[in-house]
Amino acid sequence: AQPASAELALIIDGVCLQAALLPENQPAFMELALRCSAVICCRVSPEQKGAVVRSVRATCSAITLAIGDGANDCNMLQSADVGVGLRGEEGMQAFNCSDYGLSQFRFLKTMMLVHGRWAYRRNAKLVLFMFYKNVVVVLPQFYLNAVSLFSGQRLYIDLMFQLYNVAFTALPIMVFGVLDQDCSKADSSANPHLYFLGPQRFYFNRTVFCQWVISGIWHSLIVFWVPYLAFSGVNITSSDGATTDLWADGMLVYLQVIIVANCKCAIETTYHTWVTWVIIAFSIFMWPFCLLAFQGYAALESFGTYEMSGLLERFLGMPMFYIVTLLTVVAAVSRELLWKSFRRKYFPTIYHRVQGSSNDARDGVVVGADLEPQNPMLTASEGESPRKAGQDISTRQSCTTYTEGDKEFEHLAMQAGNKPAASSSGH
């Protein structure tokens, strides 16, 4: 399809639309429609509304959004990928059959530019973190087999291993998926170009997935080999001169996995609150409490195991335990922090610039010219002119600098504008 032109619009009524949607005419109709920046279908039936949405989905494989406020819009809402129903004077039918319900049309801006973008980023990083944390916990078992002639020997005690995804790493990513915000609500509304990151698959693509997997492999190497080289063999790690056994090494590696995985979640979190830190600390300190509980009930074979007996007391009395834990966490986390700092300093992305300008505005630093949104209408509230909305004080304070050198802004805006998409309305 050709790029949409801002100077072309198509208006078609129900009679002509019926002919245009015939199989032999539909390709030409869709090609014409995709050349236009706006297509208005008037006096159409509910079935035709749904047919238009289905045609767009089939022709250009776009993510479609339909919005309507009456019973005659239900077909259209259910045909689109995302259906938004308005609760108004025409009843509750559209509101009830939609994916999302709004009380007023103006709330669509906040739903898409703020909450929709937040949700996309949270879900993308949640999925990536699920793969990452399982790479970190599984690969050390393969490393152990590499030094034990692939005998199949287990590294972790089963009772603790089963709690990894349930107790030790579940809550931090849940809090992230609910609360995290890379940019505030005001910044997201004032900078609609941030929404382009979604259609461009910025947060979830093959490159990003491989980066997270590589990060998991690196962390798995650190959390296994540092404790293994320090505690295995004939190395004396305690004052009584005794060496540690396999289960002690495995529990130490398991602790490093828990700490590093939760630190990774903290690093990826942008909106830190006391809830975030409490949950992360709780997840880490669950390890000694679970270890103490399981070794305390070792006499009950259905609940505890003798393999864990006395491990916690032995660890707490070893200076090497604290040294190895600190060294492992610093070696694993420092790469993440250095890379993120380097990227923010020398290769900043769009949201980095928005965050930086927002921080400068709060500190009273003048950051330069106001950012002109790609589409001024996106920043205008109901009954307010686009120009007035662009001059709002809160917008000016939170906007980022946009200069001719910011090619990334223009590149994303052009690609998002040229990418086929569809939106249908019941009005």
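The following dialogue considers salt bridges, a pocket, a cavity and a surface patch in a predicted model.

Colleague: How should I read a salt bridge, and how many does the structure hold?

Modeller: Side chains of opposite charge can pair when their charged atoms come close. In this predicted model, the structure holds 13 salt bridges. One of them joins the side chains of Asp73 and Lys49, at 2.6 Å from N to O. This pair links distant parts of the chain, 24 residues apart: Asp73 lies in the loop between strand S3 (64–68) and helix H4 (74–79), and Lys49 in helix H3 (residues 46–60).

Colleague: Are Asp73 and Lys49 buried or exposed?

Modeller: Both Asp73 and Lys49 are buried.

Colleague: Which residue forms a salt bridge with Lys125, and where in the chain do the two partners lie?

Modeller: The partner of Lys125 is Glu268, with 2.9 Å between the closest N and O atoms. Here too the pair links distant parts of the chain: Lys125 belongs to helix H6 (residues 107–146) and Glu268 to helix H12 (residues 246–268), 143 residues apart. Lys125 and Glu268 are both buried.

Colleague: Which salt bridge does Glu268 form with a residue of helix H15?

Modeller: Glu268 also pairs with Lys340, the closest N and O atoms being 3.2 Å apart. That salt bridge connects helix H12 with helix H15 (residues 319–346), across 72 residues. Salt bridges that share partners join Lys125, Lys264, Glu268, Arg335, Glu336 and Lys340 into one network.

Colleague: Why does Glu268 count as buried, and what is the state of Lys340?

Modeller: The reading rests on relative accessible area, with buried meaning under 20% and exposed over 50%. Glu268 has 8% relative accessibility and therefore counts as buried. Lys340, by contrast, has a relative accessible area of 31%, so Lys340 is partly exposed.

Colleague: How should I read the second largest pocket, and how much space lies in it?

Modeller: One may begin with the volume and then turn to the lining. The second largest pocket holds about 790 Å³ of space. Its lining has 29 residues, and those closest to the centre are Lys125, Glu268, Lys340, Arg343 and Tyr351. Two or more lining residues come from each of H6, helix H11 (206–231), H12, H15 and helix H16 (350–362).

Colleague: Which element gives the largest share of that lining, and how do the residues divide by class?

Modeller: H15 provides the largest share, eight residues. By class, the lining of the second largest pocket comprises twelve nonpolar, eight polar and nine charged residues.

Colleague: What can be said of a cavity, as opposed to a pocket?

Modeller: A pocket is an open set of points, whereas in a cavity a 1.4 Å probe fits but cannot get out. The structure holds one cavity of 30 Å³ or more, and about 30 Å³ of space lies in the largest cavity. Its lining consists of Lys125, Phe129, Ile173, Phe176, Trp212, Lys264, Cys265 and Glu268. H6, helix H9 (170–179) and H12 each give two or more residues to this lining, and H12 gives the most, with three. Five of the lining residues are nonpolar, none is polar and three are charged.

Colleague: Finally, which residues form the nonpolar patch on the surface?

Modeller: The patch is formed by Val127, Phe131, Phe204 and Phe209, which together have about 330 Å² of accessible area. Of these, Phe209 is found in helix H11. Phe209 counts as partly exposed because its relative accessibility is 30%.

Notes
Residues numbered from 1 in each chain as written. Predicted model: local features only at pLDDT ≥ 70, side-chain atom pairs only at ≥ 80, totals over all residues. Heavy atoms only, no water. Salt bridge = Lys/Arg side-chain N within 4 Å of Asp/Glu carboxyl O. Helix = DSSP H or I, 4+ residues; strand = E, 2+ residues; numbered from the N terminus. Buried < 20%, exposed > 50% of the residue type's maximum accessible area, 1.4 Å probe, protein only. 1 Å grid on protein atoms, 1.4 Å probe; cavity = no way out; pocket = protein on both sides within 12 Å on 5 of 7 lines; lining within 4 Å. Points joined across faces, edges and corners; volume = space filled by probe spheres on them. Nonpolar A, V, L, I, M, F, W, Y, C, P; charged D, E, K, R; others polar. Patch = residues over 30% accessible without salt bridge, like charges linked within 9 Å, V, L, I, M, F, W, Y side chains within 5 Å. Areas by Shrake-Rupley, 256 points an atom, 1.4 Å probe, with all protein chains shown as cover.
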